[in-house]
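Here is a friendly walk through one protein model, with a few stops along the way. Have the viewer open and follow along.

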Amino acid sequence: MNNKSETPVTVIGLGLMGQALAGAFLNAGHPTTVWNRTASKADPLVAKGARLAPTVGDALKAGSLTIICVTDYPAMHKLLGDASDVELDGTTLINLTSGDSAQAREAARWADQRGARYLDGAIMAVPPAIGTAEAVILHSGQQSDFEAHKSTLDALGTVTYLGADHGLASLYDVAGLAMMWSILNAWLQGTALLRTAGVDAATYAPFARQIAVGVAEWLPGYAQQIDSGSFPAEVSALETDARAMTHLIEESEAAGVNAELPRLLKAMADRSIAAGHGGEQYPVLIEEFSKPSDA
Ligand code: NAP
């Protein structure tokens with residue numbers, strides 16, 4: 001059994017992210033083979049000790065673990081599907097290319113037919129964070145495949161295993177983005193409102209942060225309500241929230257700021273109330289979120 005730092009790794013795709021991944025493996029002492037369509041992007045890595053493979057097929061033969069990180073799944077399929085010297089049998093392929101869950105599951109089937117072990121991954125970090133604990137990298141697929149390579153993957157940051165369904169990493173990726181954009185949009189709505197009264201963004205930010213952290217504390221209890229399908233109004237009924245949403249819409253309109261987000265919040269609450277859920281607690285809205293938007 002190799003020591004962690006002796007395990008050879010191949011990185012295919014040396015864009016901004018692939019270069020950071022290969023650099024982190026090199027920093028951790030792994031013999032690192034790289035390949036990129038535009039070979040010159042390997043130069044800084046070669047200067048740090050990486051070996052540039054002449055072909056994709058040669059890169060795959062360098063060891064049993066290959067990380068691929070290219071623009072999208074079609075690029076990955078083109079790259080690994082087209083080349084005649086590509087031999088995936090016996091390889092563990094970890095695909096850190098961003099995509100959706102259907103693409104991930106399809107890629108897993110494709111890799112299986114080619115005799116490769118396959119993990120799908122999602123990188124929740126920017127390139128400069130790679131190699132630090134701040135870089136969260138999600139993986140899904142067979143747990144034994146993840147466990148076999150975890151000590152090597154640790155060079156990249158905080159690596160996490162989610163489950164056997166190869167689509168999970170992509171789903172967590174977009175779920176995380178939904179959190180990020182929703183929190184930012186809510187903050188921007190409040191900032192736009194307060195600026196009409198001369199309060200600048202920096203003044204409002206600490207208060208907004210306090211609200212965001214406070215709401216985050218509600219999640220475990222609200223999750224229990226969702227998982228049990230029971231939504232007793234322990235602290236507030238949805239119809240009480242809906243009345244406050246009206247204030248948010250009216251304030252936004254009166255202040256001359258965009259009211260699209262407040263109207264969307266109210267429209268969803270109104271539908272839930274019309275369906276008889278006004279006396280229940282806010283997480284009952286999961287029923288609205290769980291339907292297609294044109295239902
Ligand atoms: P990038 O800098 O644009 O690099 C794209 C890479 O894909 C390059 O190596 C490029 O090769 C290669 N590529 C594209 N089409 C190809 C094809 N048909 N055949 C062979 N190679 C091809 O992008 P990036 O920032 O490294 O992102 C790579 C992946 O990481 C994406 O899926 C992205 O969503 C994900 N990601 C990026 C970040 C980030 O902050 N950058 C964060 C999280 C996730 P050439 O060099 O020859 O063009």
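## Salt bridges across the fold

A salt bridge here is a side-chain nitrogen of Lys or Arg within 4 Å of a carboxyl oxygen of Asp or Glu. Please keep in mind that this is a predicted model. Searching the whole structure turns up nine salt bridges. One of them pairs Arg105 with Asp165, and their closest N and O atoms are 2.9 Å apart. Arg105 sits in helix H5, while Asp165 belongs to the loop between strand E8 (158–163) and H7, so this pair ties together parts that are 60 residues apart in sequence. Arg105 is partly exposed, at 31% relative accessibility, and Asp165 is partly exposed too, at 30%.

Another bridge joins Arg263 and Glu253, again with the closest N and O atoms 2.9 Å apart. This pair links distant parts of the chain, with Arg263 in helix H10 (residues 260–277) and Glu253 in helix H9, 10 residues apart. Arg263 has 42% relative accessibility and counts as partly exposed; Glu253, at 43%, also counts as partly exposed.

## Within helix H10, and a network

Which side chain does Asp270 meet in a salt bridge? Its partner is Lys266, at 3.0 Å from N to O. Both residues lie in helix H10, four residues apart, which is about one turn of the helix. Is Lys266 buried or exposed? Lys266 counts as buried because its relative accessibility of 17% falls under the 20% limit. Asp270, by contrast, is partly exposed at 34%. Elsewhere, Arg271, Glu288 and Lys291 are joined into one network by salt bridges that share partners.

## Strand E6 and its neighbours

Strand E6 (residues 117–124) is mostly covered, with six of its eight residues buried. On one pairing, four bridges connect E6 to strand E5 (residues 92–95), and the two run parallel. Within that pairing, Leu93 stands opposite Tyr118 of E6. Between these strands the chain passes through helix H5 (residues 101–113), giving a right-handed β-α-β crossover. Helix H5 is also where Arg105 of the salt bridge with Asp165 lies.

E6 pairs with strand E7 (residues 136–141) as well, through six bridges and in antiparallel fashion. Here Gly121 stands opposite His139 of E7.

## A buried serine in H9

Ser252 is found in helix H9 (residues 238–255), the helix that also holds Glu253. Ser252 is buried, with a relative accessible area of 0%. Which residues does Ser252 touch, leaving aside those up to four places away in sequence? They are Gln189, Leu193, Val257, Asn258, Ala259 and Pro262.

## Out at the surface

Met180, Trp181, Leu184 and Leu188 make a nonpolar surface patch of about 400 Å². Met180 lies in helix H7 (residues 168–195) and is partly exposed, with a relative accessible area of 40%.

Two pairs give a feel for distances in the model. Pro292, in the segment after helix H11 (286–289), is exposed at a relative accessible area of 54%. From Pro292 to Thr152 the separation is 140 residues in sequence and 41 Å in space, C-alpha to C-alpha. Glu147 lies in helix H6 (residues 143–153) and is partly exposed, with a relative accessible area of 45%. Glu147 and Ala269 are 122 residues apart in sequence, and their C-alpha atoms are 44 Å apart in space.

Note on methods
Residues are numbered from 1 along each chain as its sequence is written. This is a predicted model: local features need pLDDT of at least 70, side-chain atom pairs count only at pLDDT 80 or more; totals for chains, interfaces and linings use all residues. Side-chain values use heavy atoms; hydrogens and water are left out. Buried means under 20% relative accessible area, exposed over 50%, partly exposed in between (1.4 Å probe, protein chains only). Contact means heavy atoms within 4.5 Å. Two strands pair if DSSP finds at least two bridges between them. A crossover is right-handed if, with the strands pointing away from the viewer, the path from the first strand over the helix to the second runs clockwise. Patches are made of residues with over 30% relative accessible area and no salt bridge: like charges are joined within 9 Å, nonpolar side chains (Val, Leu, Ile, Met, Phe, Trp, Tyr) within 5 Å. Accessible areas come from the Shrake-Rupley method with a 1.4 Å probe; for residues, only the protein chains shown count as cover.
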